[in-house]
Amino acid sequence: MAASAKTLTHEKPNPAEDWTIVLPRRGKQRRNLLKTRIPQQAHSWVPIDQKVDPDRESKLMQKMVVCMKKLESSEFFCNFMDQIRTPQISDHISRVLGSETKMQMVIYGIGSLELYEPPRVQLGLAILTKKRFSWIGDVEVFDPILSGTETRVLETLGCSVLSVNEQGRRQASKPTLFYMPHCEAELYDNLLHANWRVDLLNRIILFGNSFEGYEQYVSVFKNSSGVSLRKHLLAVRRFTEEFGIKMVSDDYYRALNDMSWHFFSIDPDMELQFGKMMEIVDSCSETA
């Protein structure tokens with residue numbers, strides 16, 4: 001089952017100008033995904049606004065507590081937890097874990113927690129999910145727009161904030177859950193490119209925008225730049241098991257619509273076919 005493909009762009013403020021984060025909303029079927037400027041190499045990072053204001057910190061922490069309490073008691077959260085416990089999802093989680101007892105969670109592109117409710121919902125869902133499932137280990141977070149105050153709140157909530165902008169290029173040397181709600185396609189592509197080996201992809205669980213939706217977008221709105229910027233994402237679709245989450249009301253639609261679980265279960269003998277898949281994608285780019 002795949003999530004709906006309907007989206008409308010909504011940019012999160014981006015003073016660091018490294019990423020353009022895209023938040024889907026209702027209103028348009030077409031994905032107007034924006035081109036972004038993504039540096040090619042990771043670099044060290046510190047918040048632009050490094051000042052920590054105790055009053056701002058207290059207010060943000062209170063907002064997060066209220067948000068998580070409301071979310072935890074919602075029908076949406078109940079359905080979300082139930083889906084993870086289904087054999088469809090839980091069997092994939094067990095496979096990715098292998099002999100490990102925990103997997104780390106890496107959160108990219110969470111956005112401004114102080115300014116907007118959707119990022120607080122997205123973060124709250126990640127923290128509550130870790131609380132419910134013992135197989136989720138340490139949580140690392142990064143977004144170039146995070147402030148010093150937001151960083152302190154994240155640490156209080158049990159998360160570590162990365163001091164390096166990885167541009168999504170983290171290799172899964174161990175089982176890893178990448179939590180990337182409403183990030184831009186290029187960031188997903190960076191992640192896949194960095195893990196373009198069977199053994200690495202098989203260690204990944206990705207929670208983020210529907211890959212099936214991206215594929216439908218490219219097939220309907222053909223353009224060479226769209227294919228080029230998503231070539232790893234499109235190539236991996238053949239090896240992806242995708243499960244869309246269920247939206248039971250409008251309460252969390254803006255924060256979490258079009259989200260899916262993605263699992264990459266690839267037989268090692270199929271590794272040589274990856275090059276052929278890239279040739280097919282590049283061919284589509286040339287003829288689009």
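Two strands are taken to pair if DSSP finds at least two bridges between them, and by that criterion strand 7 (residues 204-209) and strand 9 (residues 259-264) of this predicted model are partners, joined by five bridges and running antiparallel.

**Figure 1. Overview of the protein chain in the predicted model.** The protein chain has 12 helices and nine strands. Of its 288 residues, 55% count as buried, and the accessible surface of the chain comes to about 12,900 Å², with 48% of that area belonging to carbon and sulfur atoms. Among contacts in the protein chain with a separation of 6 or more, those between residues 24 or more positions apart account for 76%.

**Figure 2. Strand 7 and its partners, strand 6 and strand 9.** Strand 7 is joined to strand 6 (residues 176-180) by five bridges, and these two strands run parallel, whereas the five bridges between strand 7 and strand 9 belong to an antiparallel arrangement. In the register between strand 6 and strand 7, Thr176 stands opposite Ile204 and Met180 stands opposite Gly208. Gly208 also stands opposite Ser260 in strand 9, which places this glycine of strand 7 across from a residue in each of the two partner strands. Strand 7 is mostly covered, with six of its six residues buried.

**Figure 3. Strand 6, covered on both faces.** In a regular strand the side chains alternate between the two faces of the sheet. On one side of strand 6 lie Thr176, Phe178 and Met180, on the other Leu177 and Tyr179, and all of these are buried, in keeping with the count of five buried residues out of five for this strand. Besides its pairing with strand 7, strand 6 pairs in the parallel sense with strand 2 (residues 103-108) over four bridges, and in that pairing Met105 stands opposite Leu177.

**Figure 4. The surroundings of Asn209 in strand 7.** Asn209 has a relative accessibility of 2% and therefore counts as buried, the cut-off being under 20%. The side chain of Asn209 reaches the backbone nitrogen of His182 at 3.0 Å. Leaving aside neighbours within four places in sequence, Asn209 is in contact with Met180, Pro181, His182, Cys183 and Tyr188, and also with Tyr214, Asp258, Met259 and His262. Of these contacts, Met180 lies in strand 6 and is itself buried, Tyr188 is among the buried residues of helix 6, and Cys183 is buried with a relative accessible area of 0%.

**Figure 5. Helix 6 (residues 185-194) and its enclosure.** Nine of the 10 residues of helix 6 are buried, so this helix is largely enclosed by the rest of the structure. The buried residues are Ala185, Glu186, Leu187, Tyr188, Asp189, Asn190, Leu191, Leu192 and Ala194, a list that includes the charged-type residue names Glu186 and Asp189 alongside several leucines. An α-helix has 3.6 residues a turn, so residues three or four places apart point the same way.

**Figure 6. The aromatic cluster and the pair of Phe76 with Tyr252.** The structure holds 13 aromatic pairs. In one of them, Phe76 and Tyr252 form a tilted pair, at 5.8 Å centre to centre and with 45 degrees between the planes. This pair links distant parts of the chain, since Phe76 belongs to helix 2 and Tyr252 to the loop between strand 8 (240-244) and helix 11 (253-256), 176 residues apart. Both Phe76 and Tyr252 are buried. Ring pairs link these two residues with Phe80, Tyr179, Phe207 and Trp261 into a cluster, and of its members Tyr179 is a buried residue of strand 6.

**Figure 7. Gln83 in helix 2 (residues 75-85).** Gln83 is buried, with a relative accessible area of 14%. Apart from neighbours within four places in sequence, the contacts of Gln83 are Ile89, Phe243, Gly244, Ile245 and Trp261. Trp261 is also a member of the aromatic cluster.

**Figure 8. Cysteines Cys67 and Cys183.** Cys67 counts as buried at 5% relative accessibility, and Cys183 is buried at a relative accessible area of 0%. The count of disulfides comes to zero, by a rule that asks for a pair of cysteine sulfur atoms within 2.5 Å. Cys183 is also one of the residues in contact with Asn209.

Key
Residues numbered from 1 in each chain as written. Predicted model: local features only at pLDDT ≥ 70, side-chain atom pairs only at ≥ 80, totals over all residues. Heavy atoms only, no water. Buried < 20%, exposed > 50% of the residue type's maximum accessible area, 1.4 Å probe, protein only. Contact = heavy atoms within 4.5 Å. Phe/Tyr/Trp six-rings, centres within 6.5 Å; stacked < 30°, edge-to-face > 60°. Areas by Shrake-Rupley, 256 points an atom, 1.4 Å probe, with all protein chains shown as cover. Polar contact = N/O pair within 3.5 Å; in protein donor to acceptor, adjacent residues only side chain to side chain.
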